[in-house]
Amino acid sequence: MVHRLLYAALIEARSCERFRLLSEQLKDQELAKFYKDLMVSEANHYTLFLNFARSYGERKLVNQKWNDLLVFEAELMKDLGTKGTVHG
Ligand SMILES: [Fe+2]
């Protein structure tokens with residue numbers, strides 16, 4: 001379950017980042033606010049899942065698994081290009 005919570009946290013964190021980028025680039029202020037609000041929601045989901053993982057697992061071990069997951073993801077992304085995409 002801890003692994004699933006960490007995967008969920010990572011997905012939410014990346015959604016948060018994408019919505020932040022969208023909100024910062026849009027000229028339409030109403031749409032920018034819409035995406036900024038989504039960014040805030042995703043940030044809350046990300047921290048919620050991460051905190052659930054920390055509450056169900058041993059904190060030090062969970063933090064290590066979280067860091068390992070981030071490193072693994074970073075290694076994967078090195079070969080995926082540098083162009084920003086929403087579903088890339
Ligand atoms: Fe979410």
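User: How many of the 19 residues of H3 are buried?
Analyst: In this predicted model, helix H3 takes in residues 59-77. A residue counts as buried here if 20 or more other C-beta atoms lie within 10 Å of its own. By that criterion H3 is hardly covered, and its count of buried residues is one.

User: What span does H3 reach from its first C-alpha to its last, and what span is expected?
Analyst: Helix H3 has 19 residues, and the expectation for it is reckoned at 1.5 Å a residue. The distance from the first C-alpha of H3 to its last is close to that expectation, the reached and the expected span both being given as 27 Å.

User: Which residues of H1 meet H3?
Analyst: On the H3 side, the contact is made by Val 62, Lys 65, Trp 66, Leu 69 and Glu 73. The residues of this contact of H1 with H3 divide into six nonpolar, no polar and two charged. An α-helix has 3.6 residues a turn, so residues three or four places apart point the same way. From H1, the residues that meet H3 are Val 2, Leu 6 and Leu 10.

User: What is the orientation of H1 to H3?
Analyst: The axes of H1 and H3 are 11 Å apart, and the two helices pack at an angle of about 50°. Because that angle lies outside the ranges for roughly parallel, roughly antiparallel and roughly perpendicular, H1 is described as oblique to H3. H1 passes H3 in a crossing whose hand is right-handed, and the orientation asked for is oblique.

User: Is H1 roughly parallel or roughly antiparallel to H2?
Analyst: Helix H1 (residues 2-25) and helix H2 (residues 29-56) have axes that come within 7 Å and cross at roughly 160°. Angles over 145 degrees count as roughly antiparallel, and therefore H1 is, relative to H2, roughly antiparallel.

User: How many residues of the contact of H1 with H2 are nonpolar?
Analyst: H1 passes H2 in a left-handed crossing. The residues of their contact include three polar and four charged ones, while the number of nonpolar residues in the contact is 20.

User: What percentage of the contacts between residues at least 6 apart in sequence join residues at least 24 apart?
Analyst: The protein has three helices and zero strands, and from the N terminus on its elements run α-α-α. Of its 88 residues, 15% count as buried, and the C-alpha trace spans about 45 × 30 × 15 Å along its principal axes. Among the contacts between residues at least 6 apart in sequence, the share joining residues at least 24 apart is 66%.

Terms used. Residues are numbered from 1 along each chain as its sequence is written. This is a predicted model: local features need pLDDT of at least 70, side-chain atom pairs count only at pLDDT 80 or more; totals for chains, interfaces and linings use all residues. Helices (H or I, at least four residues) and strands (E, at least two) are DSSP runs, numbered from the N terminus. The expected span of a helix is 1.5 Å times one less than its number of residues. A residue is buried if 20 or more other C-beta atoms lie within 10 Å of its own, exposed if 12 or fewer, and partly exposed in between; C-beta atoms are placed from the backbone. Axes are lines fitted to C-alpha atoms, for helices over the stretch in contact, and angles run from 0 to 180 degrees between N-to-C directions. Angles under 35 degrees count as roughly parallel, over 145 as roughly antiparallel, 65 to 115 as roughly perpendicular and the rest as oblique. A crossing is left-handed if the near helix is turned anticlockwise from the far one by less than a right angle, and right-handed if clockwise. Ala, Val, Leu, Ile, Met, Phe, Trp, Tyr, Cys and Pro count as nonpolar, Asp, Glu, Lys and Arg as charged, and the others, Gly among them, as polar. Two residues are in contact if their C-beta atoms, placed from the backbone, lie within 7 Å.
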